[in-house]
Amino acid sequence: SGAPRAAAAAAAEESGLGRRGEMGAQRPRKERAPASDGLESFKEVVASFAEEHGVAFVPKQRQHNGFRVYSFGGASVYLDKDVCHVESGGSQWHPIGFTDLLEYASSKKAGGRT
């Protein structure tokens with residue numbers, strides 16, 4: 001049957017080896033926690049970061065382009081794979097790093113505008 005062959009192919013794929021056991025010219029894949037599409041694991045990273053800095057991270061009752069919008073302190077964000085996007089200036093969204101997000105959320109919470 002094809003079960004042993006499929007198991008061997010799966011093991012070779014996990015190890016980064018090609019069909020015949022040689023290294024392919026493939027880029028290494030990022031390791032992710034088991035989740036449907038990797039989003040849950042990144043959401044957990046963002047939630048932990050928020051908790052470490054005493055910032056509330058809670059889902060809002062809206063979406064943007066099919067993505068759940070969250071409140072991160074005073075900022076609205078959505079997560080797309082492993083990128084956090086923040087809403088600024090009305091309905092403008094742009095990618096943002098954690099340090100900048102923390103600073104931006106703090107300024108929004110204090111009533112400042114960026």
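**Exercise 1. The nonpolar core.** In this predicted model, find which residues of the largest nonpolar core touch the most other members, and name the elements that give two or more residues to this core.

*Solution.* Begin with the core itself, which has 18 residues, and among these Phe57, Phe72, Val77, Leu79, Cys84, Val86 and Leu101 touch the most other members. Next, turn to the elements: those that give two or more residues to this core are α2 (39-52), β2, β3, β4 and α3. As a third step, take Val86 and list what it touches, leaving aside residues up to four places away in sequence: Ala75, Ser76, Val77, Gln92, Trp93, His94, Ile96, Leu101 and Tyr104. Two of these, Leu101 and Tyr104, belong to the buried residues of α3, together with Leu102 and Ala105. As a general background, nonpolar side chains tend to be buried together in soluble globular proteins.

**Exercise 2. The chain as a whole.** Determine how many helices and strands the protein chain holds, in what order they come, and what share of the residues is buried.

*Solution.* Counting the elements gives three helices and five strands, and reading from the N terminus on, they run α-α-β-β-β-β-β-α. The chain has 114 residues, of which 26% count as buried. Its accessible surface comes to about 8,300 Å², and 50% of that belongs to carbon and sulfur atoms. For the contacts, consider those between residues at least 6 apart in sequence: 30% of them join residues at least 24 apart. Finally, look at helix α3, residues 98-109, whose twelve residues reach 16 Å from the first C-alpha to the last, close to the 16 Å expected at 1.5 Å a residue.

**Exercise 3. The sheet.** Establish the order in which the five strands form the sheet and the sense of their pairing, and then explain why one side of β1 and of β5 is left without a neighbour.

*Solution.* The five strands form an open sheet in the order β1-β2-β3-β4-β5, with antiparallel pairing. Because β1 and β5 (92-95) stand at the edges and each has a single partner strand, one side of each is left without a neighbour in the sheet. From one strand to the next, the twist averages 35°. Now go through the pairs one at a time:

- β1 and β2 run antiparallel and are joined by five bridges; here Val58 has Ser71 in β2 as its bridge partner.
- β2 and β3 pair in the antiparallel sense over four bridges, and Val69 stands opposite Tyr78 in β3.
- β3 and β4, the latter covering residues 83-88, also pair in the antiparallel sense over four bridges, with Leu79 opposite Cys84 in β4.

One strand deserves a closer look for its cover: β3, residues 75-80, is mostly covered, since five of its six residues are buried.

**Exercise 4. Turns and loops.** Find which residues with a positive phi sit in the turns of the hairpins β2-β3 and β3-β4, and decide whether Asn65 is buried or exposed.

*Solution.* In the hairpin of β2 and β3, two residues lie between the strands, and Gly73 in the turn has a positive phi of about 65°. The hairpin of β3 and β4 likewise has two residues between its strands, and Lys81, found in the loop between them, has a phi near 60°, a positive value in a residue other than glycine. Lys81 counts as exposed because its relative accessibility, 57%, is over 50%.

In the loop between β1 and β2, Asn65 has a phi near 50°, again a positive value in a residue other than glycine. With a relative accessible area of 63%, Asn65 is exposed. Gly66 is found in the loop between β1 (57-64) and β2 (67-72), and at 57% relative accessibility Gly66 counts as exposed. The C-alpha atoms of Gly66 and Tyr78 are separated by 9.7 Å, while the two residues are twelve apart along the chain.

**Exercise 5. Val83.** Work out where Val83 lies, and which residues it touches beyond four places away in sequence.

*Solution.* Val83 lies in strand β4 and is partly exposed, with a relative accessible area of 31%. Leaving out residues up to four places away in sequence, Val83 touches Phe42, Tyr78 and Pro95. As a last step, compare sequence and space: Val83 and Lys43 are 40 residues apart in sequence, and their C-alpha atoms are 10.0 Å apart.

Terms used:
Residues numbered from 1 in each chain as written. Predicted model: local features only at pLDDT ≥ 70, side-chain atom pairs only at ≥ 80, totals over all residues. Heavy atoms only, no water. Buried < 20%, exposed > 50% of the residue type's maximum accessible area, 1.4 Å probe, protein only. Contact = heavy atoms within 4.5 Å. Areas by Shrake-Rupley, 256 points an atom, 1.4 Å probe, with all protein chains shown as cover. Expected span 1.5 Å × (residues − 1). Pairing = 2+ DSSP bridges. Axes fitted to C-alpha atoms, helices over the stretch in contact; angles between N-to-C directions. Core = buried A, V, L, I, M, F, W, Y, C linked by side-chain atoms within 4.5 Å.
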